[in-house]
Amino acid sequence: MKQRQRRLKQQQRRHHQLTTKGPSPRPFKLRDLRALFQALALAVCALAMVGVTIFSFYEMRQTRQALARGVRTTATVVESQHYRKFPDHVVVEFTTSRGEEVSAALSDSVDARDSPAGSSLDVLYDPERPDYVINAKITDISHYYFIIPFGIAMTIGFAWGGLHFWRRHQSQARLPSSTAVHKP
């Protein structure tokens, strides 16, 4: 009787040890690597959107300051380059109210085809930071009120997508490879 009880306790201990160790490690497969790269790609996209959002917030703040305390002046376009797929590059020169000569790139989107080199352009500059120059036609910053929430939403979406994708892959990896029912 005691031997039987001893064997029963040993079996219970073995069963407890087997159930508490967790699933046995499975071999690494190519689909794991593919899922990892896809989840990492979504994470990189989320980080890129964080960067875009922070940059947009910074630009909004700078533009708001230039609009609030900006000084209007006429600048001469020194360099004007039009790009098809990138923002145009326009460099202007002007004299500040203190008499300083400043050469700066416009910090907002300006169509370089409308501002060839040598032409005049009305600009606003921040007297505390005269190298930050915006086009005087800009009157508000409402476009940032779309860009920043869009960036935040995209960041959350990419992060959620990466986590959801990776968790779904991990839960599928735990399932047995064959779901066929064996008949006796």
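Student: Which residues are linked in a network of salt bridges?

Tutor: R69, D126 and E128 are linked in this way. The model is predicted, with residues numbered from 1 along each chain as its sequence is written, and local features need pLDDT of at least 70. Side-chain atom pairs count only at pLDDT 80 or more, while totals for chains, interfaces and linings use all residues; side-chain values use heavy atoms, with hydrogens and water left out.

Student: Why is the contact of R69 with D126 called a salt bridge?

Tutor: The term requires a side-chain nitrogen of Lys or Arg within 4 Å of a carboxyl oxygen of Asp or Glu. In R69 and D126 the closest N and O atoms are 2.9 Å apart, so the pair meets the definition. R69 lies in helix α2 (residues 30–69) and D126 in strand β4 (residues 120–126), so the salt bridge ties together parts that are 57 residues apart in sequence. Helices (H or I, at least four residues) and strands (E, at least two) are DSSP runs, numbered from the N terminus.

Student: What makes D126 buried?

Tutor: Buried means under 20% relative accessible area, exposed means over 50%, and partly exposed is in between (1.4 Å probe, protein chains only). D126 has 3%, so it counts as buried. Its partner R69 has 34%, which falls in between, so R69 is partly exposed.

Student: How do you know that R72 and D122 meet in a salt bridge?

Tutor: Their N to O distance is 3.9 Å, which is within the limit, so the pair qualifies. R72 lies in strand β1 and D122 in strand β4, so parts 50 residues apart in sequence are tied together. R72 is exposed, at 54% relative accessible area, and D122 is partly exposed, at 35%.

Student: What distance supports the salt bridge of R129 and D131, N to O?

Tutor: It is 3.5 Å. R129 is partly exposed at 32% relative accessibility, as is D131 at 43%. A search of the whole structure finds four salt bridges.

Student: How do you know that β1 and β4 pair, and over how many bridges?

Tutor: Two strands pair if DSSP finds at least two bridges between them. β1 and β4 have six, in the antiparallel sense, so the condition is met. T73, for instance, stands opposite V123 in β4. On β1 (residues 71–81), five bridges also make the antiparallel join to β2 (residues 89–95); S80 has V90 of β2 as its bridge partner.

Student: What is the order of the five strands in the open sheet, and why is one side of β3 and β5 left without a neighbour?

Tutor: The order is β3-β2-β1-β4-β5, with antiparallel pairing. β3 (101–105) and β5 (129–135) stand at the edges with a single partner strand each, so one side of each has no neighbour in the sheet. Neighbouring strands are turned by 40° against each other on average, direction ignored; the axes are lines fitted to C-alpha atoms, for helices over the stretch in contact, and angles run from 0 to 180 degrees between N-to-C directions.

Student: What makes up the largest nonpolar core?

Tutor: A nonpolar core is a set of buried Ala, Val, Leu, Ile, Met, Phe, Trp, Tyr and Cys residues joined through side-chain atoms within 4.5 Å. Twelve residues make up the largest one, including A75, V77, V92, F94, V123 and Y125. β1, β2, β3 and β4 each supply at least two residues of this core. A second, separate core has five residues, among them A66, L124, I134 and A136.

Student: Why are L33, L36, F37 and L40 called a nonpolar patch?

Tutor: Patches take residues with over 30% relative accessible area and no salt bridge; like charges are joined within 9 Å, and nonpolar side chains (Val, Leu, Ile, Met, Phe, Trp, Tyr) within 5 Å. L40, in helix α2, has 45% relative accessibility, so it passes the area cut-off. Together the four residues have about 340 Å² of accessible area, found by the Shrake-Rupley method with a 1.4 Å probe; for residues, only the protein chains shown count as cover.

Student: How much of the chain is made up of buried residues?

Tutor: They make up 28% of the 184 residues. The chain has three helices and five strands, following the pattern α-α-β-β-β-β-β-α along the sequence.
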